Amino acid sequence: MAMKMVVPFFLFPILRLHFLLLHDHSPLIGNPEGTTCYHFVIIACHTRVQRNVNLEKLRTGYLFPEISMHELQHIRKYPDAKLINLGIGDTTKPIPEIISVSMAEYARALSTVEGYRGYGAEQGNKALRKAIAETFYKNVQVKDSEVFVSDGSQCDIARLQLLLGSNVTVAVQDPSFPAYIDTSVIMGQAGDFEEKSGKFGNIEYMKCGPQNNFFPELAKTRRTDIIFFCSPNNPTGYAATRQQLEELVKFAKANGSIIIFDSAYAVYVTDDSPRSIFEIPGAKEVAIEVSSFSKFAGFTGVRLGWTVVPEELCFSNGFPVINDFNRIVCTCFNGASNIAQAGGLACLSSEGFMAVCSVVDYYRENAKILLKTLKSLGLKVYGGENAPYVWAQFPGSKSWDVFDDILEKAHVITVPGSGFGPGGEEFMRISAFGHRETILEASKRLKGLFS
């Protein structure tokens with residue numbers, strides 16, 4: 001049976017993906033028996049506005065939606081399989097009741113004259129800013145006025161890029177969280193993509209792997225204006241030592257650079273590795289820190305984070321960075337949800353903090369189980385001690401091939417390391433976010449696959 005559909009040009013890629021996911025055979029490549037053949041009439045609807053040339057430079061889709069597409073295709077192929085998702089780092093344990101009740105009570109109070117609140121301060125609830133400073137930065141003298149509450153660290157990364165502009169040069173760890181690179185591309189900082197190297201020409205990729213203890217060789221690193229650095233690291237799970245971060249701060253000072261330090265996984269640190277860049281003397285003169293309630297309090301859907309911009313940090317002309325960031329926040333952001341901020345305050349109460357730390361301990365135990373399982377198979381495995389991610393190496397293999405193999409044969413979703421940059425090739429990131437029975441079942445399946 002043939003049907004004709006008139007489709008605007010800009011909808012064609014979306015419809016193509018939709019039909020690929022829902023039909024046994026792509027209607028674009030034939031008309032197999034028993035299927036419907038769709039003939040598309042493409043209408044080129046367009047304005048006279050040119051597309052942002054920087055968006056054209058982005059490579060394929062963003063990593064995690066791509067993985068979700070693979071997941072949908074797998075579910076369609078194996079509808080009865082019990083799929084286990086250890087890929088996207090989404091928390092699974094319920095938010096502790098003391099915290100959810102605080103948010104519910106705040107929301108309920110909005111229906112009363114006494115409890116209603118409208119816009120809050122763009123920089124965040126003053127009580128929450130103070131609680132963040134006292135809980136996470138008590139020993140490094142961060143002021144509550146230097147804390148900006150947000151809807152999550154990934155959003156703050158984009159706002160920081162807007163602050164910095166298109167003319168700065170950027171360095172990232174390799175491998176690294178994709179948002180650092182993708183926002184640099186969108187801002188026009190990255191240059192052209194080089195197919196042979198798998199890198200953008202204007203970005204300095206700082207190799208961080210087992211061969212250099214997951215810390216860049218700074219003596220061989222080109223000077224850049226901005227250095228994105230995540231510790232404990234996503235995806236490798238490695239937490240930089242105090243000595244390493246001292247070297248990084250010294251390097252930034254010598255080069256007049258600014259470090260954007262992502263500490264989203266700091267609460268997972270179990271040894272004496274620094275949880276904040278501001279534990280390092282002199283860091284306030286060269287660093288900004290972004291962090292989040294997402295992986296610490298299960299707020300991946302609630303959305304709450306913060307950024308610390310020290311008063312000491314200045315641009316080359318002596319102008320305080322905090323003043324410009326405050327202007328960006330006031331211009332581009334109306335403040336985090338008051339309900340989410342009420343939850344944040346509950347997280348940082350004595351009872352609430354104990355509750356969320358208990359959940360963190362649960363994920364830490366999951367990581368230990370995965371680490372033990374993979375090591376028992378003779379694999380070289382890293383991370384899993386100071387972070388909720390295990391970083392497993394498969395020498396000589398393409399990471400997407402390993403991803404497909406694990407998904408096809410074990411019905412387990414992981415993340416291919418190459419999605420985090422060329423330095424992630426041969427590696428897989430496996431998340432410890434999951435229910436205990438799920439982690440145990442996944443470990444059993446992986447043993448069956450690789451034994």
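**Two pockets and helix 8**

Visitor: How do the residues lining the second largest pocket divide into nonpolar, polar and charged?
Guide: Heads-up, this model is predicted: local features need pLDDT of at least 70 and side-chain atom pairs 80 or more, while totals for chains, interfaces and linings use all residues. Numbering runs from 1 along each chain, and side-chain values use heavy atoms, leaving out hydrogens and water. Gly89, Gln154, Phe177, Tyr265 and Lys295 lie nearest the centre of this pocket (an open set of 1 Å grid points fitting a 1.4 Å probe, with protein on both sides within 12 Å along at least five of seven lines; lining atoms lie within 4 Å of a point). The split, with Gly counted as polar, is 10 nonpolar, seven polar and five charged.

Visitor: Which helix gives the largest share of the lining of the second largest pocket?
Guide: Helix 6 (153–164) and helix 9 (294–297) each supply at least two residues (helices being DSSP H or I runs of at least four). The largest share, three residues, comes from helix 6.

Visitor: And in the largest pocket, which helix gives the largest share?
Guide: That pocket has 23 lining residues, with Arg59 and Phe193 among those nearest its centre. Helices 3, 7 and 13 each give two or more residues. Three residues, the largest share, come from helix 7.

Visitor: Which exposed residues sit on the face of helix 8 turned away from its buried side?
Guide: Leu245, Leu248 and Phe251 are among the residues of helix 8 that are buried (under 20% relative accessible area, 1.4 Å probe; exposed is over 50%). Seen down the axis, the buried residues fall within an arc of 160° (axis-to-C-beta directions), so they line one face. The face turned away carries Gln243, Lys250 and Ala254.
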